[in-house]
Protein chains: 2
Amino acid sequence: MQPLCDAVVAIVGLGLMGGSLALALREKNACKKIFGIAPNAATCAQVLSRGVVDEASSDLSLASDADIIVLATPVRTVLEQLPRVGEIARAGAIIMDLGSTKREIVRAMERLPAHVQPIGAHPLCGKETSGFDAAEANLYRDAVFVLTPLARTASQTLAFAESFATILGAHPIILDAARHDKIVAGISHLPFVLAATLMTTTNELARMDNLLFTLAASGFRDTSRLAASDTTMMLDILLTNSDNVADSIRTCTRHLTELADWIVDKDENALRAILESAAIPRRELFR
Amino acid sequence: MQPLCDAVVAIVGLGLMGGSLALALREKNACKKIFGIAPNAATCAQVLSRGVVDEASSDLSLASDADIIVLATPVRTVLEQLPRVGEIARAGAIIMDLGSTKREIVRAMERLPAHVQPIGAHPLCGKETSGFDAAEANLYRDAVFVLTPLARTASQTLAFAESFATILGAHPIILDAARHDKIVAGISHLPFVLAATLMTTTNELARMDNLLFTLAASGFRDTSRLAASDTTMMLDILLTNSDNVADSIRTCTRHLTELADWIVDKDENALRAILESAAIPRRELFR
């Protein structure tokens, strides 16, 4: 495997993640060439005219000349694209995805031809905005960049992926796909679910009092932010991590029910204990 | 009632809300004198030495010379302080609080001596930080400043309170205390409860996997932010708005259970519909 600076990188999907990756690689002059693949002809024209990519196409076959193919599409689109990418990829090509759940993707990667090198990845740097217009060259900086190698992933491929993450300013960390999916269910998917459900609940309350959203301040803004996330992307995440997400929702629901009971019973000691045990680690975590 | 510029303002409690009020009034040179009352002698010394207040004391009786007394303490402390404030306040003094729930405070205000003028207030500009060190002169700028007048509140008192809010750069809005409490249960107290419960749930998950918080990104940071709020302040809020808060938690819990079921059943149509109906108003609300 040649170093990244001599490699042709094909990015499939030029939304927030793929677009930001193209911008970062270009800004750092990190690779030989960047190919961009997006279904939308207007996006292809935009990235070409802005010089973000060297070639652009809505046809996956552009990736056949790439040394590394990065799939930056929603999880279930990655699952659909993988067999075709396996067909067209050159021998020795690295195939990496940026999907937010990893078990199903890693399973699909096992079925790729033996002459390609697959590795799963998940950079934790999402935003609630989407599309190339939301992309930014600094998106990956300081982000944790999870890598989920397969049994068949060569050590050189893993080392390449680690240096790829580091060049982007991110921090690579190697995890088993199952462990990754369990962790993100709590730390990433549950926050989205709570934000969306906060919106569902307040929408319902707002139908009874049209002044409700007038009183929304920064606390509501931040707690509800993730509800604005791209629906297709989130739907794919929830449906490919359904067991873990459902578990984390149910644990959360149990704690909410307990809290509501303590509030009704005015159980001040129980309330103070649970609120303090939530507040203290949160203050430690983000200073 | 003289204009604010000729008035002596006593602020009881010099934390985030009271401290920011003192800083704002001083910066705008908005009143004749500012008296600060705080239980902590160090805070009194600090605000005096920084010139934020003209006089400071840990004794409420300093407020007896004020034209307007602003109670900026946690809700149940306001409830405790009101009778004593009523005893010491001069005839014609305005007594205003900044508490986040209004029904119990307004009921306690009804019992104040006839020669004082009470009015409830709730500026929606909290933060998860607390204490005078977190105070800032701009805190009230652009905030919605709810006023909950009593039947006995004179129209001149209400007009004075409206101009007080406006001078701070805030937007006054007049609401019935019961309506206020119902609205904030959904738009303010529920977001806090969800943030705290997100911390409770993820703390539990982190005990099973010590890498969990390593993967926390901006989405988790924002959704959990309110969990760091001052516990005593939040406890007072939950316990003086228990009926409304419990209702909003239960509505939310119902929606969460429904969502978990759809995720397990892989009911894509139901999920897409609910997530879109959460995403669209959120994108409209904060652009």
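What follows is a chat about the predicted model shown above.

Visitor: Is this predicted or experimental, before I start?

Guide: This is a predicted model.

Visitor: Fine. How is chain B related to chain A?

Guide: A turn of 180° with a shift of 0.0 Å along the axis lays chain B on chain A, at an RMSD of 0.0 Å. The two copies are therefore related as by a two-fold rotation axis.

Visitor: Which C-alpha of chain B is nearest the axis?

Guide: That of Thr223(B), which is 2.1 Å from the axis.

Visitor: And how many residues does the contact take from each chain?

Guide: The contact takes 84 residues from chain B and 84 residues from chain A. On the chain B side, α6, α7 (218–224), α8, α9 and α10 (268–285) each supply at least two residues.

Visitor: Which one gives the largest share?

Guide: α6(B), with 23 residues of the side that touches chain A.

Visitor: How do the residues of that side divide into nonpolar, polar and charged?

Guide: The side of chain B that touches chain A has 49 nonpolar, 21 polar and 14 charged residues.

Visitor: Do the copies meet through the same surface or different ones?

Guide: The same surface, because 100% of the interface residues of chain B are also interface residues in chain A.

Visitor: Back to α8 in chain B. Which of its residues are buried?

Guide: In helix α8 of chain B, residues 231–239, the buried ones are Thr231(B), Met233(B), Met234(B), Asp236(B), Ile237(B) and Leu238(B).

Visitor: What covers them?

Guide: The cover includes elements of both chains: α9 (242–264) and α10 (268–285) of chain A, and α3 (75–88), α6 (177–206) and α9 (242–265) of chain B.

Visitor: New topic, the sheet in chain A. What is the strand order?

Guide: Chain A has an open sheet of 8 strands with mixed pairing, in the order β3-β2-β1-β4-β5-β6-β7-β8. The strands at its edges are β3 (55–57) and β8 (171–174); each has a single partner strand, so one side of each is left without a neighbour in the sheet. On average, and with direction ignored, neighbouring strands are turned by 20° against each other.

Visitor: How do β6 and β7 of chain A pair, parallel or antiparallel?

Guide: Antiparallel: β6 (residues 117–123) and β7 (residues 144–149) of chain A pair over 5 bridges. In β7(A), Leu147(A) is the bridge partner of Ala121(A).

Visitor: And in chain B, how do β1 and β4 run?

Guide: Strands β1 (residues 8–12) and β4 (residues 68–71) of chain B run parallel and are joined by 4 bridges. Val9(B) stands opposite Ile68(B) in β4(B).

Visitor: Which strands does α3 of chain A lie across?

Guide: α3(A) lies across β1 (8–12), β4 (68–71) and β5 (94–97) of chain A, and runs at about 160° to β4(A).

Visitor: At what angle does α3 pack with α4 there?

Guide: Helix α3 (residues 75–88) and helix α4 (residues 103–110) of chain A pack at about 5°, with their axes 10 Å apart. That angle makes α3(A) roughly parallel to α4(A).

Visitor: Which residues make the contact?

Guide: From α3(A) they are Val75(A), Val78(A), Leu79(A) and Leu82(A), and from α4(A) they are Glu104(A), Ile105(A), Ala108(A) and Met109(A). Of these residues, 7 are nonpolar, none is polar and 1 is charged.

Visitor: What about Val106(A), buried or exposed?

Guide: Val106(A), which is found in helix α4 of chain A, counts as buried because it has 24 C-beta neighbours inside 10 Å.

Visitor: What is Val106(A) in contact with?

Guide: Leaving aside neighbours within four places in sequence, Val106(A) is in contact with Gly120(A), Thr148(A), Leu150(A) and Ala177(A). The C-alpha atoms of Val106(A) and Asp176(A) are separated by 9.9 Å, and these two residues are 70 residues apart along the chain.

Visitor: Last one, backbone oddities. What is the phi of Asn29(B)?

Guide: Asn29(B) has a positive phi of about 50° although it is not a glycine. Most residues other than glycine have a negative phi. Asn29(B) lies in the loop between α1 (16–27) and β2 (33–37) of chain B, and Asn29(B) is exposed, with 8 other C-beta atoms within 10 Å.

Visitor: And Lys266(B)?

Guide: Phi of Lys266(B) is also positive, near 50°. Lys266(B) lies in the loop between α9 and α10 of chain B. With 12 other C-beta atoms within 10 Å, Lys266(B) is exposed.

Note on methods: Residues numbered from 1 in each chain as written. Chains lettered and ligands numbered in written order. Predicted model: local features only at pLDDT ≥ 70, side-chain atom pairs only at ≥ 80, totals over all residues. Axes fitted to C-alpha atoms, helices over the stretch in contact; angles between N-to-C directions. Parallel < 35°, antiparallel > 145°, perpendicular 65-115°, else oblique. Contact = placed C-beta atoms within 7 Å. Nonpolar A, V, L, I, M, F, W, Y, C, P; charged D, E, K, R; others polar. Pairing = 2+ DSSP bridges. Buried ≥ 20, exposed ≤ 12 C-beta atoms within 10 Å, placed from the backbone. Least-squares fit on C-alpha atoms with pLDDT ≥ 70 in both.
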